[in-house]
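Trainee: I should like a close look at a single part of this model, the sheet. Please describe how its strands are paired and what lies against them.

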Amino acid sequence: MLALKINDIKTFMNQLLIGTAFDSFPMTEASVTTFNTFTIDGQINKDFFDTDTQNILAQNGAVYSLWKEIKPFCRNIMRGKLLPLQFRIILQLTPGQLSEVLGIPDSQITDHAIHSLSLNIHYKNKMLLCTTGVSLKSFTLDKNPEQLWDGIVLNFLKQLCVDFEPL
């Protein structure tokens with residue numbers, strides 16, 4: 001697990017709430033505390049949709065809404081003169097993204113062993129933290145999935161020119 005303190009909160013938040021860098025990540029959950037606490041469960045309620053859309057969601061293996069679909073709601077809750085007291089957003093890779101990541105040459109990790117790779121974004125007490133998480137389907141002493149995911153997140157944040165420091 002990697003824990004990073006984001007030094008330039010404004011730049012990061014612009015990337016998260018206005019930019020498109022995080023749009024392709026499924027969002028498993030979000031919580032924003034302003035004058036109330038607003039909680040969003042990212043799981044798609046397939047019964048809401050017509051049969052054609054349900055079939056498309058099933059073909060794509062979609063379980064969670066993408067961040068780009070939830071982002072406007074979170075942005076509206078956070079918008080205003082006062083900063084939120086806190087918020088937490090948990091993003092994951094899609095199964096397709098997971099397969100793409102594991103397709104890295106010399107990777108001995110299979111997507112059969114990994115349940116999810118997540119990026120946890122947490123703001124509280126005027127501090128923004130990002131942590132990585134790996135959920136495995138079975139116990140293993142192998143740290144390769146964690147190290148691979150940590151490296152990918154570090155590179156991703158560097159490409160976004162995010163100023164951070166490891167904790």
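Mentor: In strand 6, Gly133 is the bridge partner of Ser118. This bridge belongs to the pairing of strand 5 with strand 6, which is antiparallel and runs over 10 bridges; two strands count as paired if DSSP finds at least two bridges between them. Strands here are DSSP runs of E with at least two residues, helices are runs of H or I with at least four, and both are numbered from the N terminus. Strand 5 and strand 6 also form a hairpin with 2 residues between them, and Asn125 in the turn has a positive phi of about 55 degrees.

The model is predicted: local features need pLDDT of at least 70, side-chain atom pairs count only at pLDDT 80 or more, and totals for chains, interfaces and linings use all residues. Residues are numbered from 1 along each chain as its sequence is written, and side-chain values use heavy atoms, with hydrogens and water left out.

Strand 6 has a further pairing, with strand 1, again in the antiparallel sense and over 4 bridges. There, Ile6 stands opposite Leu128 of strand 6. The sheet as a whole is open, with 7 strands in the order 3-2-4-5-6-1-7 and antiparallel pairing. Its edges are strand 3 (37–41) and strand 7 (164–166); each has a single partner strand, so one side of each is left without a neighbour in the sheet. From one strand to the next the twist averages 15 degrees; axes are lines fitted to C-alpha atoms, for helices over the stretch in contact, and angles run from 0 to 180 degrees between N-to-C directions.

At the strand 3 edge, the partner is strand 2 (residues 27–33), joined to strand 3 in the antiparallel sense over 5 bridges. Within this pairing, Ser31 stands opposite Thr39 in strand 3.

Two helices lie against these strands. Helix 1 (residues 9–17) packs on the sheet and touches strand 1 (3–6), strand 4 (86–92), strand 5 (114–124) and strand 6 (127–136), where contact means heavy atoms within 4.5 Å. The direction of helix 1 makes about 50 degrees with that of strand 6. Helix 3 (residues 67–78) lies across strand 2, strand 3 and strand 4, and runs at about 5 degrees to strand 2.

Strand 6 also brings up the cysteines, since Cys130 falls within residues 127–136. A disulfide is a pair of cysteine sulfur atoms within 2.5 Å, and by this rule the count is 0 disulfides. The sulfur of Cys130 is too far for a bond, because the closest cysteine sulfur, in Cys74, is 15 Å away. Cys130 is buried, with a relative accessible area of 1%; buried means under 20%, exposed over 50% and partly exposed in between, with a 1.4 Å probe and protein chains only. Cys161 is likewise in no disulfide, the nearest cysteine sulfur being that of Cys130 at 15 Å. Cys161 counts as exposed, at 63% relative accessibility.

Finally, there is an aromatic cluster that includes a residue of helix 1: Phe12, Phe22, Phe25 and Phe156 form this one cluster. Rings of Phe, Tyr and Trp (its six-membered ring) pair if their centres lie within 6.5 Å, and planes under 30 degrees apart count as stacked, over 60 as edge-to-face and the rest as tilted. A search of the whole structure finds 7 aromatic pairs. Among them, Phe22 and Phe25 form a tilted pair, 6.1 Å centre to centre with 35 degrees between the planes. Phe22 is buried at 0% relative accessibility, and Phe25 is buried at 9%.
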